[in-house]
Structure formats: C-alpha cells, structure tokens
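Biologist: Could you take a close look at one helix for me, and then walk me through what surrounds it in the rest of the chain?

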Amino acid sequence: MSLQPNGQTLRIAVPNKGSLSQAATEMLRESGYRQRHDARELSVVDADNGVEFYYLRPRDIAIYVGEGTLDVGITGRDLLLDSGAKAEEVLSLGFGRSRFLFAGPIGEFSDLSQLAGHRIATSYVGVVRTFLEDRGIDATVVRLDGAVETSVRLGVADAIADVVETGSTLRQAGLEVFGETILESEAVLVARGGDVPSGLEVFKRRLEGVLVARTYVMMDYDIESANVEAAVELTPGIEGPTISPLHREGWVAVRAMVPRAGAQRLMDELFDIGARGILLTDIHACRL
Ligand SMILES: Nc1ncnc2c1ncn2[C@@H]1O[C@H](COP(=O)(O)OP(=O)(O)OP(=O)(O)O)[C@@H](O)[C@H]1O
Ligand SMILES: O=P(O)(O)OC[C@H]1O[C@H](OP(=O)(O)OP(=O)(O)O)[C@H](O)[C@@H]1O
Ligand SMILES: [Mg+2]
C-alpha cells in the first residue's frame with residue numbers, strides 16, 4: 001500500500017446522498033481517486049493513493065472532521081456553519097452553489113425586523129439562530145427536516161429560511177424572498193482547525209488541479225513576430241505564454257492558458273490582430 005509520509009492513510013468524508021453527492025464523486029474521480037460504483041458502499045480504500053473515502057450524510061461531515069475522527073471532508077459551507085463543528089473551510093470547490101434566504105407569503109414581509117415575534121421554519125437552526133441573534137431579532141425557530149416550504153401553508157410557521165437554487169420550490173409554495181441573503185454557499189473542503197493532516201496538501205493540490213482544468217483551456221495560435229506583444233497582452237497565461245519559433249520567417253507560435261469563459265471572444269480578437277491557426281483544447285488535469 002502506498003501510504004502518506006507518516007505511514008497513515010488520509011481519511012476523507014464524501015457526501016453519500018443529496019445535491020452534493022454526485023458532483024463530489026465526479027470531482028474525486030477526475031482527481032485520480034478510486035470511487036464507489038454502488039451507492040450502497042459505505043467506504044472505499046484507494047490503497048495506491050494512500051486514502052480512504054467514507055460516504056456520510058453531508059450534514060454530519062463537519063462533525064466527523066471537527067472531532068478528528070476523519071481528516072478532511074467535502075460538505076456545503078452552509079452545513080459547515082450550521083454544525084458549529086471545529087472544522088474550517090480550506091478550499092471552495094465550485095459546485096453545489098446555493099443561497100440561503102428568508103421567505104414568506106407573498107406581500108406579508110418586506111423587512112427582516114418584521115420577523116420579530118414570528119415563527120420561522122428551517123433545517124438550518126444554527127445558521128438562523130446566529131443570524132437573528134446578531135441582529136437582535138427575537139423570533140421562534142422551528143426545526144424541520146425538509147419540505148420546509150410547506151410549513152407555512154400548514155400553519156406550523158409564519159416564514160421560512162431555506163436553501164434556494166432556482167427558486168421554483170418557493171414559487172410553487174406561494175412564497176417570496178425578503179431581506180438580505182443570509183449566506184451564499186457552495187461545496188467546500190473542510191479540515192480540522194490548526195491541524196494539517198498528513199497527505200492533505202497532495203489531496204488539496206489534486207482538487208485545485210481539477211478546478212483549474214475546469215476553469216481554463218489551452219490556446220495555441222501562430223502570429224507574426226511584429227504583432228506578438230499585442231497578442232500576449234490578450235493571452236498573458238499564468239506564468240507567461242510559451243513563444244516558439246515557427247518554420248516560417250517572421251512568425252512565432254504562442255501557447256497560453258486562458259479562462260474558459262470568454263475564450264471564443266478572445267479568439268475573435270486574436271484573429272483581428274493577425275493570429276491564425278487558433279486552437280482551443282481542454283485541459284484534463286494540471287498542477288500549477
Ligand atoms: N437545490 C438544492 N437543494 C438543496 N441543497 C442544495 C441545492 N443546491 C445546492 N445545495 C447544497 O447542498 C447541500 C445540502 O445537501 P443535502 O444532501 O443535505 O440536502 P439535499 O440535497 O436537499 O438532500 P435531501 O434529499 O437529503 O434533502 C447544502 O450545502 C446546500 O447548499
Ligand atoms: O430553489 P430550488 O431549485 O427549488 O431548490 C431549493 C429546494 O430544494 C431543496 O429541497 P429538496 O428537494 O432537497 O427537498 P427537502 O426540502 O425535503 O430537502 C431545498 O430544501 C429547497 O426546498
Ligand atoms: Mg433537501
């Protein structure tokens with residue numbers, strides 16, 4: 001078994017179900033790790049990489065990591081904050097994005113101060129209590145496990161605080177958002193505060209490699225040497241673009257990583273200043 005430098009396996013918690021589960025598993029696969037093929041598997045040992053994955057409820061993951069039972073985990077920022085666990089965010093992972101907001105029956109609430117004396121249903125009691133306390137709003141928090149939007153119609157609560165992605169669940173329930181956003185969430189890598197478990201740096205670097213590979217593409221083009229400075233301003237790359245001689249007098253080949261977003265517009269601009277043979281290719285993995 002290939003182990004971490006101190007001979008230990010890095011133990012990693014991964015969401016077993018819900019919104020984060022599939023994307024987390026895909027990201028780990030892209031990072032070169034073995035993942036489960038059957039949703040009933042509880043853990044997977046990847047001996048070649050010296051890691052072990054435990055598939056757990058995303059809500060519980062920060063608790064396992066905070067207690068030190070597991071070394072690192074993937075969960076939602078909102079779930080991490082709600083848990084109150086002694087775990088900290090070490091990397092944001094760019095998927096599972098959501099907003100956490102208050103909502104009430106259409107036309108009934110317009111300002112957060114109106115929540116005073118009312119009942120607010122939520123599955124995120126920790127986040128909501130802290131938010132209300134910080135603003136000195138005295139309201140009753142009703143803990144529900146899910147389907148929070150229905151609670152208002154059934155008379156269990158006057159307003160809700162919940163995860164909103166597209167907003168379609170709120171609309172269906174006849175509710176509307178009011179007040180400021182409580183928090184913006186996405187999937188994050190969490191570790192125990194203060195500790196740097198052996199193997200975490202390698203694991204984190206692999207995930208960062210996937211994030212970069214998803215965010216950037218590789219651009220190649222040929223251009224006359226006279227125009228290369230203008231072209232390089234458009235494609236500065238990360239460290240600096242690679243410029244190689246072409247077997248054609250007065251021309252060079254340029255290679256640079258560019259952000260995926262806007263890459264087509266960049267190709268148009270490069271063409272306009274004389275670049276030709278402009279190619280865009282995906283990056284599968286990288287270490288910067
Ligand atoms: N549409 C969404 N609904 C719920 N959670 C979402 C959504 N989009 C992103 N998330 C994020 O996923 C995490 C919640 O995942 P969790 O598995 O606990 O709930 P779920 O996806 O609602 O699953 P469940 O079927 O158990 O209710 C949070 O970090 C939340 O911000
Ligand atoms: O803004 P939307 O795109 O509509 O997504 C948000 C809804 O999705 C989740 O519910 P889920 O389907 O997980 O059911 P649950 O309430 O039982 O957790 C979340 O709790 C919201 O209700
Ligand atoms: Mg849910």
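**A close look at helix 7**

Modeller: Sure, let's start with the length check on helix 7, residues 200-215: at 1.5 Å a residue, its 16 residues should span 22 Å, and the end C-alpha atoms are indeed 22 Å apart, so the two agree. Keep in mind that this is a predicted model. As for burial, helix 7 has Phe203, Leu207 and Val210 as its buried residues. Those three cover an arc of only 50 degrees around the axis, which means they sit on the same side of helix 7. That fits the usual geometry: an α-helix has 3.6 residues a turn, so residues three or four places apart point the same way.

Now for the annotation. An unreviewed UniProt entry lists residues 213-284 as "domain: Histidine biosynthesis HisG C-terminal". That span is 28% helix and 40% strand, and its end C-alpha atoms lie 6 Å apart.

Then there's the ligand. Ligand 1 is surrounded by 15 residues, and the closest are Gly18, Ser19, Gly76, Ser98 and Glu165. Helix 2 (58-67) and helix 3 (77-83) are the elements that each give two or more residues to that shell. By type, the shell splits into seven polar, four charged and four nonpolar residues. Domain 1 (10-95 + 186-198) and domain 2 (98-185) each supply at least three residues to the shell around ligand 1.

One backbone detail to finish: Ala147 has a phi near 45 degrees, a positive value in a residue other than glycine. Most residues other than glycine have a negative phi. Ala147 sits in the loop between strand 8 (140-143) and helix 5 (150-153). With 13 other C-beta atoms within 10 Å, Ala147 counts as partly exposed.

Definitions and conventions. Residues are numbered from 1 along each chain as its sequence is written. Chains are lettered from A and ligands numbered from 1 in the order in which they are written. This is a predicted model: local features need pLDDT of at least 70, side-chain atom pairs count only at pLDDT 80 or more; totals for chains, interfaces and linings use all residues. UniProt positions are given in the numbering used here, feature names are shortened, and annotations may be inferred rather than shown by experiment. Helices (H or I, at least four residues) and strands (E, at least two) are DSSP runs, numbered from the N terminus. A residue is near a molecule or strand if its C-beta atom, placed from the backbone, lies within 6 Å of it. Ala, Val, Leu, Ile, Met, Phe, Trp, Tyr, Cys and Pro count as nonpolar, Asp, Glu, Lys and Arg as charged, and the others, Gly among them, as polar. Domain bounds come from an automatic or database domain assignment. The expected span of a helix is 1.5 Å times one less than its number of residues. A residue is buried if 20 or more other C-beta atoms lie within 10 Å of its own, exposed if 12 or fewer, and partly exposed in between; C-beta atoms are placed from the backbone. The arc is that of the directions from the helix axis to the C-beta atoms.
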